[in-house]
Amino acid sequence: MSTFKLFSKTAAVLVAAIFMMTAVSANAARFKREYKMQVTVGPKLYWGMGAAKFAELVKEKTDGQIIVKPYFGSALLKGAQLKSSQMVAKGVIDCAIDSTINISPVIPEANIFHLPFFLNSFENLDKVKNGEAGKAVFKAMEAKRLEPLAWAENGFRQLTNSKVLVKTPADMKGLRIRVVGNPLFIDTFRQLGADPVNMNWGDAVAGFQQGVVDGQENPVGVLVPIQIYQYHKYVTMWNYVVDPLIIYWNQREWKAFPKDIQDKIMSAAKEAGEWETALCRAGIDDGTAIKVLKEKFNYTMEVPEPLKFLESKGMEVHKLSPEELKEFIEATRPVYEQWIPRIGKDVYEKAKADMAN
Ligand code: X2X
């Protein structure tokens, strides 16, 4: 090879290397090495699995340009789960997959999902999420510098305890029930005659273990993975409130992303949300969830029938009859008067109209 040829080849390689390094450093400057994601629960819960799925899909769809790292068990908040949206709005945390229960201190509209016995079926939940009330919740988030990307799910919350099979409000008298520190939950359980105790999720399972409380309320997507049957014998299926999850991002950071990156993260959020929602509904809906998991995601549930599973572990499961339900609805009516003004009458009316559609 002539000296000239060797020289020009070396020069070409050098130019290419410099070009690549500039491109890499431009991207490195444009994106953080890691985007921190707040996750209230641990990785084994369906919610935690959804967080991992989102992170995996973001990495895949952006060819590794965006790395989302889930911090499980509210590790970024030292357990203070109700602070998540405040910290994401400030940009201390980049993004989150969080329950409407935990974002309600910043977004009171999100409490529309937690009015007792208001939305009591998957059909109603989907109508509200995808309807005008759901839009109002997303809009309220945008006004607070949060960018909502997609819905996911924790689920309809069910009551478990170690003392009595609850069929009427009278059965709940004096029961110490762990609830999340959202005052709507305290008000609801007081109204039912129980003795509600605030506790962060990080302390809750130890609280069940040690018998500090008699019971708790969480969806089956939480109850099965935490093996609630180790602590509680009785389950009341009452669908009294539901908590969807929302995958969301700090707005300023989101708006600074190039459009193609936004599209890819958004598509990851939607896909992870759909998968995780199906995990939470598997075996308790009309069969759609298992079908979606199988056909769309080629995924088989480890526990496809959560209620049968809990029974097989020695729990007694009671589904409220329509007459029993009526008693609970009547007992919790005063909560509506107190809370509709705080949630926003307009959002309440929108949710009612969504459900009637
Ligand atoms: O604290 C709870 O009960 C949990 C895990 O369901 C939420 O974060 C709302």
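These legends walk through four close-up views of a predicted model.

**View 1. The largest nonpolar core, with its best-connected members.** This core holds 60 residues, and Ile112 and Trp238 are the ones that touch the most other members. Helix α6 (residues 132-143) supplies the largest share, 6 residues. There is also a second, separate core of 57 residues, with Tyr35, Tyr229, Val235 and Leu293 among its members. As a general reminder, nonpolar side chains tend to be buried together in soluble globular proteins.

**View 2. The surroundings of Trp238.** Looking past neighbours within four places in sequence, you will find Trp238 in contact with Phe117, Arg157, Gln158, Leu159 and Met172. Its contacts also include Phe189, Leu192, Leu320, Leu325 and Phe328.

**View 3. An open sheet of 6 strands.** Follow the strands in the order β7-β6-β8-β5-β9-β11; their pairing is mixed. At the edges sit β7 (195-198) and β11 (316-319), each paired on one side only. On average, neighbouring strands are turned by 25° against each other, direction ignored. Within the sheet, β5 (residues 158-161) and β9 (residues 234-237) pair in the antiparallel sense over 3 bridges. Here Leu159 stands opposite Thr236 of β9.

**View 4. Helix α8 and its two faces.** In α8 (residues 201-209), the buried residues are Trp201, Ala204, Gly207 and Phe208. Seen down the helix axis, these buried residues fall within an arc of 95°, so they line one face of α8. They pack against β6 (176-179), β8 (215-218) and α9 (220-223). Turned away from that buried side, the other face carries the exposed residues Gly202 and Gln209. After α8 comes Gly211, which has a positive phi near 70°.

Terms used:
Residues are numbered from 1 along each chain as its sequence is written. This is a predicted model: local features need pLDDT of at least 70, side-chain atom pairs count only at pLDDT 80 or more; totals for chains, interfaces and linings use all residues. Side-chain values use heavy atoms; hydrogens and water are left out. A nonpolar core is a set of buried Ala, Val, Leu, Ile, Met, Phe, Trp, Tyr and Cys residues joined through side-chain atoms within 4.5 Å. Buried means under 20% relative accessible area, exposed over 50%, partly exposed in between (1.4 Å probe, protein chains only). Helices (H or I, at least four residues) and strands (E, at least two) are DSSP runs, numbered from the N terminus. Contact means heavy atoms within 4.5 Å. Two strands pair if DSSP finds at least two bridges between them. Axes are lines fitted to C-alpha atoms, for helices over the stretch in contact, and angles run from 0 to 180 degrees between N-to-C directions. The arc is that of the directions from the helix axis to the C-beta atoms.
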